Amino acid sequence: MTEEERFRHVMGHFATGVAVVTGLSGDGEALGFTANAVASVSLNPRLVLVCVDHDSASLPSLQRRGAFALSFLGAAQEEVARRFAGGTREDRFTGVATRVEETGAPVLNQALAWLDCRIWKEVEAGDHVLLIGQVVRCGGGQDDEPLVFYRGAYGTVRP
Ligand SMILES: Cc1cc2nc3c(=O)[nH]c(=O)nc-3n(C[C@H](O)[C@H](O)[C@H](O)COP(=O)(O)O)c2cc1C
């Protein structure tokens with residue numbers, strides 16, 4: 001096992017939720033991708049972060065628009081998580097109902113909970129960029145079970 005493989009293997013043991021990060025392209029089209037490198041950062045001001053790969057096709061648009069939304073997925077949305085991790089931009093949103101809250105970034109209607117953010121700071125971190133977002137609006141709180149990612153597989157937990 002290379003050191004990189006060991007790192008991936010070890011980090012795979014940190015169970016996370018699964019989010020879809022969304023925004024708008026330069027021509028106003030919805031874009032989004034699946035992400036689990038998401039964390040709460042600060043309460044005052046309210047900040048969250050998502051770590052975005054430099055290879056992400058969405059990254060330049062998110063940076064240009066200065067905004068993104070996070071939609072937390074429920075256990076029933078594994079197919080959505082898979083779709084937003086591959087395929088084309090148009091395919092990803094097919095049959096996925098969204099709405100706009102404040103920044104223009106689409107929020108998934110079926111999300112367990114969501115945050116609409118303006119980019120507060122960007123931090124270069126190796127092959128990723130940390131997008132730290134200031135929360136301008138958030139909501140949700142559906143009672144459904146969450147989608148969980150653990151050791152490279154999807155599952156759920158019952159609290
Ligand atoms: C469970 C899971 C979690 C992921 N987490 C992240 C993440 O936190 N940051 C990231 O940049 N990519 C993450 N990815 C990969 C992106 O979803 C994938 O590369 C996507 O195709 C990027 O889309 P884009 O190139 O259209 O921006 C994750 C994929 C999966 C399946």
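Colleague: In which loop is the place of arginine 151?
Modeller: This is a predicted model, in which local features need pLDDT of at least 70 and side-chain atom pairs count only at pLDDT 80 or more, while totals for chains, interfaces and linings use all residues. Residues are numbered from 1 along each chain as its sequence is written, and side-chain values use heavy atoms, with hydrogens and water left out. Strands are DSSP runs of E with at least two residues, numbered from the N terminus, and arginine 151 has its place in the loop between E11 and E12.

Colleague: What is the phi of arginine 151?
Modeller: Most residues other than glycine have a negative phi. Arginine 151 is not a glycine, and yet its phi is positive, at about 50 degrees.

Colleague: Which peptide bond is cis?
Modeller: Most peptide bonds are trans. In the loop between strand E4 (38–42) and E5 lies proline 45. With an omega of about 5 degrees, the cis bond is the one that joins asparagine 44 and proline 45.

Colleague: Why is one side of E1 and of E12 left without a neighbour in the sheet?
Modeller: Two strands pair if DSSP finds at least two bridges between them, and here three strands form an open, antiparallel sheet in the order E1-E11-E12. Strand E1 (16–17) and strand E12 (153–155) have one side free because each stands at an edge with a single partner strand.

Colleague: Which residue of E11 is the bridge partner of glycine 17?
Modeller: E1 pairs with strand E11 (residues 148–150) in the antiparallel sense, over two bridges. In E11, the residue bridged to glycine 17 is valine 148.

Colleague: How many residues of the shell around the ligand are charged?
Modeller: Around the ligand there are 16 residues (each with a heavy atom within 4 Å of it), and those that come nearest are Thr34, Cys51, Ser56, Ala57 and Ser58. Strand E3 (30–35) and strand E5 (47–53) each supply at least two residues of this shell. Asp, Glu, Lys and Arg count as charged, Ala, Val, Leu, Ile, Met, Phe, Trp, Tyr, Cys and Pro as nonpolar, and the others, Gly among them, as polar. The shell has ten nonpolar and four polar residues, and its charged residues number two.

Colleague: How much of the accessible area of the ligand does the protein cover?
Modeller: Polar contacts with the ligand are pairs of N or O atoms within 3.5 Å. A backbone N or O atom of alanine 57 lies 2.8 Å from a ligand oxygen atom, while a polar side-chain atom of arginine 92 lies 3.0 Å from an oxygen atom of the ligand. Of the 650 Å² of accessible area (Shrake-Rupley method, 1.4 Å probe) that the ligand has on its own, the protein covers 76%.

Technical notes: Helix = DSSP H or I, 4+ residues; strand = E, 2+ residues; numbered from the N terminus. Polar contact = N/O pair within 3.5 Å; in protein donor to acceptor, adjacent residues only side chain to side chain.
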